[in-house]
Amino acid sequence: MTDLSPRPRELLVKAARMYFLDSRSQDDIARVLGTSRSNVSRLLSSARAAGVVEVRIQDERGRDGDLEQALAERFGLAHVRVAAFRPHQDARADAGRLAAEWLDDTLRDGQVLALSWGRSLQAVVSAAAVDEPRRLEVVPLVGGLTTDLSLAAAHELVRELAGRLGGTYRYLHAPALLRCATARTALLAEPSIGRVVARARAADVALVGIGAMGSGSTGRILDALGLTPAERADFAARGPVGDTCCRFFDAAGAPVGGAVHDRVLAVDLDDLRAIPTVVGVATGTAKTASVLAALRAGIVGGLVTDAGLAHSLLSADRAVGADRAVSVDRAVSADRAVGADRAG
């Protein structure tokens, strides 16, 4: 492997990340780096020679088997699909196709399938197709959304997926985001709403999107809740890193309480953990922290993702593990020092 000083290697990593993970053109990369296209080409070649980039041939299914095995072993996952890297391809669409294939392989007659919402699940639904209709029921995990968030709302995805699978479906006729906790309590007391929520909690399989703070629709969710400045400050102080089913969690995967939690009509994180099979669908390295938290906390027991995020998760998990090991060593050393002082 070529011996590179830190700065040149950092440049190789930056160029390789933009080209291979972000699917940016060499002309675009040249503009960002302030260099020529030919120099970018040389940087990418050097990245391969230095081992910054590894090239592997994948099978015809478009899956990266090595990354699937690594994720399964690292996080104890029962179900994993990783869309292989393909330059200039839509990673979300590729992951959606793999998730749809997983559903076809997994679902059985008589089961209840529960869905959250979002663009990742829209990609799954768009790719879903079965040779034979399934006698199953599709239900939402979260209530309806406002106009600004309804492009991939749960009730639309539920209806469309049920149609594609040949099953039946139920709507949750209540908004997901409310302006006060009292309204949520009153709605859940309605029998027609309570029955659908109970059905979602008792699902056999759940497919959920995983959101990240600062990206996608997270900000619009908070806006729709009508939080006061004090409530927003309290929410931020609790350290949220991501959400699923409009339920926010911190870096340890613990639910973020407060006004945001109390004004959402959806299943809870503990409800998700109780469902036998819960698979998250997420792509893009921006979701590393949120997906890592969901995996470590057992919010999801399976994952469908792309190669870029898979690599990022494995790297981040190693870093977190190393930090924890250092903390443990320091704690042990401190305990021994205290013991020595006492003995003296």
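## Close-ups of a predicted model

**View 1. Helix α3 and what comes after it.** Start just past the end of the helix: α3 is followed by Gly51, and the phi of Gly51 is positive, near 85°. This is a predicted model, by the way, and that goes for every view here. Now look back along the helix itself. α3 covers residues 37-49, so count along and you'll get 13 residues. From first C-alpha to last, α3 reaches 19 Å, close to the 18 Å expected at 1.5 Å a residue. Which residues of α3 are buried? They're Val40, Leu43, Leu44 and Ala47. Look down the axis of α3 and those buried residues fall within an arc of 95°, so they line one face of the helix.

**View 2. Where α2 meets α3.** Helix α2 takes in residues 26-33, and its axis comes within 8 Å of the α3 axis. The two axes cross at roughly 100°, which makes α2 roughly perpendicular to α3. On the α2 side, the contact is made by Gln26, Asp27, Ile29, Ala30 and Leu33. On the α3 side, look for Arg37, Val40, Ser41, Leu43 and Leu44. You've already met a few of these: Val40, Leu43 and Leu44 are among the buried residues of α3.

**View 3. α5 crossing α6.** Here we have helix α5 (residues 91-106) and helix α6 (residues 119-127), with axes that come within 7 Å. How do they cross? The angle is roughly 60°, and that makes α5 oblique to α6. The crossing of α5 past α6 is right-handed. From α5, the residues making the contact are Arg92, Ala93, Gly96, Arg97, Ala99, Ala100 and Leu103. Their partners from α6 are Arg119, Ser120, Ala123, Val124 and Ala127.

**View 4. α6 again, this time with α7.** Helix α7 runs over residues 154-165, and its axis comes within 9 Å of the axis of α6. These axes cross at roughly 25°, so α6 and α7 are roughly parallel to each other. This time the crossing is left-handed. α6 brings Leu121, Gln122, Val125 and Ser126 to the contact, while α7 brings Leu157, Glu160, Leu161 and Arg164.

**View 5. Two cysteines in a loop.** Zoom in on the loop between β7 (240-244) and β8 (247-250), and you'll find Cys245. Cys246 is found in that loop too, between β7 and β8. What's curious about their backbones? Most residues other than glycine have a negative phi. Yet Cys245 has a positive phi of about 55°, although it's not a glycine. Cys246 isn't a glycine either, and its phi is positive as well, at about 65°. Buried or exposed, then? Cys245 is buried, with a relative accessible area of 2%, and Cys246 is buried with a relative accessible area of 1%.

**View 6. Ala212 and its surroundings.** Ala212 sits in strand β6 (residues 211-212). This alanine is buried, with a relative accessible area of 4%. Which residues does Ala212 contact, if you leave aside its neighbours within four places in sequence? They are Thr218, Val241, Gly242, Asp243, Ala286, Lys287 and Ser290. Try finding Ala289 as well: Ala212 and Ala289 are 77 residues apart in sequence, and their C-alpha atoms are 7.6 Å apart in space.

How values were computed. Residues numbered from 1 in each chain as written. Predicted model: local features only at pLDDT ≥ 70, side-chain atom pairs only at ≥ 80, totals over all residues. Heavy atoms only, no water. Helix = DSSP H or I, 4+ residues; strand = E, 2+ residues; numbered from the N terminus. Expected span 1.5 Å × (residues − 1). Buried < 20%, exposed > 50% of the residue type's maximum accessible area, 1.4 Å probe, protein only. Arc of directions from axis to C-beta. Axes fitted to C-alpha atoms, helices over the stretch in contact; angles between N-to-C directions. Parallel < 35°, antiparallel > 145°, perpendicular 65-115°, else oblique. Left-handed = near helix turned anticlockwise from the far one by under 90°. Contact = heavy atoms within 4.5 Å.
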